[in-house]
Amino acid sequence: MPVPPASQVTVRAPAKINLGLAVGAPRPDGFHPLATVYQAVALYDDVTAVSREDGEITVEVLGDFAAEVPADDTNLAARAARLLQTEYDVEAGVELTIRKTIPVAGGMAGGSTDAAATLVACNRLWGLQLTSADLERHAAVLGSDVPFCLVGHTALGRGRGEQVTEVMSRGTFHWVFAIADGGLSTPKVYGELDRLRPLRRVEPPEVDPELLSALLTGEPAALAPVLSNDLQAAALSLRPKLGETLQFGLERGALAAMVSGSGPTCLFLAPDSRRAVDLAVDLADSGLCRMVRQAEGPVPGARIIPGPAR
Ligand SMILES: C[C@@](CO)(OP(=O)(O)O)[C@H](O)COP(=O)(O)OP(=O)(O)OC[C@H]1O[C@@H](n2ccc(N)nc2=O)[C@H](O)[C@@H]1O
Ligand SMILES: Nc1ncnc2c1ncn2[C@@H]1O[C@H](COP(=O)(O)OP(=O)(O)O)[C@@H](O)[C@H]1O
């Protein structure tokens with residue numbers, strides 16, 4: 001049955017972390033080949049889309065990080081809406097409102113997930129009837145992380161990260177996030193990695209089979225020793241103080257501590273939800289970070305939810 005268009009749609013969009021992130025030598029197009037295991041976590045931006053008759057695409061950003069996000073055509077959500085509008089000759093426009101709780105330039109794919117949410121929202125709003133495969137194809141044009149943000153759960157990312165296949169994961173993991181003051185630019189972190197290591201010796205990236213086995217156990221103690229991130233050394237080189245944050249978390253009971261993606265957010269794996277709360281309180285008191293958040297994973301990708309009252 002075709003799904004009718006709607007006049008307003010809200011989509012909940014999760015942040016991502018990389019449980020494993022192996023990075024190869026840069027390709028001729030400048031992107032780095034990846035073998036990554038993504039997980040979507042329950043830290044969300046909500047994107048509300050309301051149809052406009054005049055064909056304009058507008059963006060308003062609300063929440064903790066609003067001042068750090070462009071509210072113009074360069075916003076990734078606006079770019080996602082423009083892409084569908086152009087591709088399918090849509091006459092209507094859209095008013096996008098982003099309620100942000102995902103840190104900006106924090107290595108958690110905040111912009112990418114807003115773009116994924118906008119694809120889902122505009123598909124419904126404009127009655128485009130696009131399939132998941134269509135949306136994933138458009139997502140890959142917008143950014144390497146965007147297809148995963150549609151799919152969510154736990155998944156393997158190959159190519160430059162845009163080729164996504166779901167992997168099995170049992171149970172729920174309890175994560176704590178130390179959000180730093182200020183972001184890190186993703187291209188700069190990749191550039192720093194290239195500067196730090198002799199490119200001749202870089203092997204093609206592979207996913208660690210022990211990571212995939214640990215996910216099947218659902219045991220945080222099995223997952224902790226096999227988490228890895230090739231970008232961590234580069235993020236630490238650009239922001240050495242993150243080392244203190246990681247060390248503090250380990251001393252306060254985290255099973256593992258790692259930079260999230262390109263950073264500077266630091267993530268900690270807690271043994272259970274109670275100890276996640278304890279760790280979050282200790283980190284918040286430490287003065288080492290701007291704010292602390294807790295979230296479970298895995299969770300689904302960008303999904304339509306009942307919208308806020310207008
Ligand atoms: C590092 C990761 C890990 O998941 O995410 P973050 O931690 O920043 O969220 C991703 O690879 C970021 O993906 P995304 O933020 O979508 O990157 P894109 O917009 O596609 O690319 C931005 C820039 O990052 C660099 N880039 C990105 C992906 C990749 N495989 N190799 C790269 O070298 C390139 O310099 C590119 O111009
Ligand atoms: N909707 C958006 N949310 C966050 N950042 C955005 C958005 N649109 C554009 N940007 C820009 O993208 C940059 C990267 O942001 P983000 O996706 O949060 O980081 P990361 O790639 O580290 O996960 C930011 O510096 C910001 O200027």
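The C-alpha centres of domain 1 and domain 2 lie 22 Å apart in this predicted model. Domain 1 covers residues 8-167 and domain 2 covers residues 173-297, with bounds that come from an automatic or database domain assignment. Across the boundary, 29 residues of domain 1 are in contact with 35 residues of domain 2, where contact means that two C-beta atoms, placed from the backbone, lie within 7 Å. On the side of domain 1 that touches domain 2, β1 (8-23), β2 and β5 (154-158) each supply at least two residues, and β2 gives the most, with eight. That side is made up of 21 nonpolar, eight polar and no charged residues; here Ala, Val, Leu, Ile, Met, Phe, Trp, Tyr, Cys and Pro count as nonpolar, Asp, Glu, Lys and Arg as charged, and the others, Gly among them, as polar.

A few words on numbering and confidence help in reading the model. Residues are numbered from 1 along each chain as its sequence is written, while chains are lettered from A and ligands numbered from 1 in the order in which they are written. Local features need pLDDT of at least 70 and side-chain atom pairs count only at pLDDT 80 or more, whereas totals for chains, interfaces and linings use all residues.

Taken as a whole, the chain has ten helices and twelve strands, which are DSSP runs numbered from the N terminus (helices H or I, at least four residues; strands E, at least two). Its radius of gyration is 19 Å, close to the 19 Å that the globule rule gives for 310 residues, so the chain is as compact as a globular protein of that length. This radius is taken over C-alpha atoms, and the rule is 2.2 Å times the number of residues to the power 0.38. Of the 310 residues, 49% count as buried, meaning that 20 or more other C-beta atoms lie within 10 Å of the residue's own (12 or fewer is exposed, and in between is partly exposed).

What lies inside? The largest nonpolar core has 97 residues, and those with the most contacts inside it are Ala 77, Ala 116, Trp 175, Val 176, Phe 268 and Leu 269. Such a core is a set of buried Ala, Val, Leu, Ile, Met, Phe, Trp, Tyr and Cys residues joined through C-beta atoms within 7 Å. Strand β2 (residues 34-52) gives the most to this core, with ten residues. Both domains give residues to the core, so it lies between them. Ala 116 touches several residues distant in sequence, including Ala 13, Ala 139 and Gly 301.

Two ligands complete the picture. Around ligand 1 there are 21 residues, the closest being Gly 143, Ser 144, Arg 160, Pro 187 and Gly 261; a residue is near a molecule if its C-beta atom, placed from the backbone, lies within 6 Å of it. In this shell α5 (186-196) gives the most, with three residues, and by class there are seven nonpolar, twelve polar and two charged residues. Ligand 2 is surrounded by 19 residues, with Leu 76, Ala 105, Gly 110, Gly 111 and Asp 114 the closest. Here α2 (110-125) gives the most, with four residues, and the shell divides into nine nonpolar, nine polar and one charged. Both domains give residues to the shell around ligand 1, so this ligand lies between them. Ligand 2 likewise lies between the domains, because both give residues to its shell.

Methods:
Lists of a residue's contacts leave out its neighbours within four places in sequence.
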